[in-house]
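Me: Got a model I'd like to go through with you. Can you show it, and then let me poke at the terms?

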Amino acid sequence: MRTRELARADFHNHSTASDGRLTPAQMVDLAAANGVRVFALTDHDSTEGIAEARREAKKYPDLVLVPGVELSTDIEGDEVHILGYFDFDLIQNPDLQDALSRFRAGRFERGRLMVEKLKGLGKPISWERVLEIAGEASVGRPHVARALLEAGHVSSIPEAFDLYIGRNGPAYVEREKMTPGEAVETLQRFGAPAVLAHPSYIKNLGPVLTELKAAGLAGMEVYYRDYAPDLVERLARVAKENGLLPLGGSDYHALDNPGEREPGDIPLPSEVAKRFLEAKLPWVSTAGLK
Ligand SMILES: [Zn+2]
Ligand SMILES: [Zn+2]
């Protein structure tokens with residue numbers, strides 16, 4: 001039973017259009033049930049889920065759907081994710097879709113190489129099955145992990161990462177390099193505000209922020225998932241020092257992972273969400289944010 005009041009806005013969520021377990025429509029239903037008024041769907045390198053989410057969101061006049069994406073990029077020894085938010089009209093833009101496909105290609109090639117490595121390790125899984133699990137989504141390590149679980153090679157998803165496909169695992173494959181700077185520039189080109197995702201995962205944040213700010217980064221996640229108050233405070237300070245707008249989201253995947261937070265179950269204050277929306281996405285009504 002939840003005792004906290006849920007946030008009215010959530011800017012980071014995944015569906016079956018990437019590696020989440022709920023369909024875009026189910027995600028919208030859950031967000032609405034949780035009282036979320038501004039809900040961003042931000043699948044990895046894909047806007048495939050937006051049309052379905054938009055149809056479903058029509059059922060809820062109090063809910064504003066924000067189309068978004070989470071771009072996968074790499075720096076030396078680390079993965080960096082950049083969130084971007086759009087206007088609906090932009091989703092059909094062929095140049096944007098072209099750009100997204102470049103980010104997706106890395107994840108796809110990488111999945112196939114991991115399947116080959118697993119075969120070499122005597123842990124064969126079927127590439128067709130991995131694609132099936134991924135559905136319309138860009139292939140990610142969670143899909144490979146589920147195929148390993150189904151094939152009986154591991155007894156849990158975390159074990160698949162620990163033994164095989166985690167960063168130091170024998171079947172790990174680096175993705176084709178897209179840099180975070182390229183992601184921010186790509187989003188900039190389409191007028192989409194770019195927000196650095198889960199900055200606490202980045203080992204050497206300072207130089208990354210300096211580079212991305214120069215590329216046009218608009219904000220960074222401060223109120224992420226179950227970030228504790230002291231971490232939130234520290235990141236809020238970093239955001240302020242760098243002239244970045246704070247934001248946040250649950251990064252909900254419906255994977256039943258420990259520490260997972262449902263849409264809205266995050267410490268994002270309404271005034272922070274409002275400030276971001278008014279500055280960067282003026283077409284989004286902030287009426288529902290009390
Ligand atoms: Zn991420
Ligand atoms: Zn995410």
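Reply: Sure. The chain has ten helices and seven strands, where helices (H or I, at least four residues) and strands (E, at least two) are DSSP runs numbered from the N terminus. This is a predicted model: local features need pLDDT of at least 70, side-chain atom pairs count only at pLDDT 80 or more, and totals for chains, interfaces and linings use all residues. Residues are numbered from 1 along each chain as its sequence is written, chains are lettered from A and ligands numbered from 1 in the order in which they are written, and side-chain values use heavy atoms, with hydrogens and water left out.

Me: Why is the chain called as compact as a globular protein of that length?

Reply: The globule rule is 2.2 Å times the number of residues to the power 0.38, with the radius of gyration taken over C-alpha atoms. For 290 residues the rule gives 19 Å and the chain has 18 Å, which is close, so the wording holds.

Me: What makes Glu70, His81 and His198 donors of the zinc ion (ligand 1)?

Reply: Donors are N, O and S atoms within 2.8 Å of the metal (3.2 Å for Na, K and Ca); water is not among the atoms, so sites may look incomplete. Glu70 (OE), His81 (ND1) and His198 (NE2) lie 2.1 Å from the zinc ion (ligand 1), so they qualify. Glu70 also bridges to the zinc ion (ligand 2), with the two ions 3.5 Å apart.

Me: Are Glu70 and His198 buried or exposed?

Reply: Both are buried, meaning under 20% relative accessible area (exposed is over 50%, partly exposed in between; 1.4 Å probe, protein chains only). Buried residues make up 56% of the 290 in the chain.
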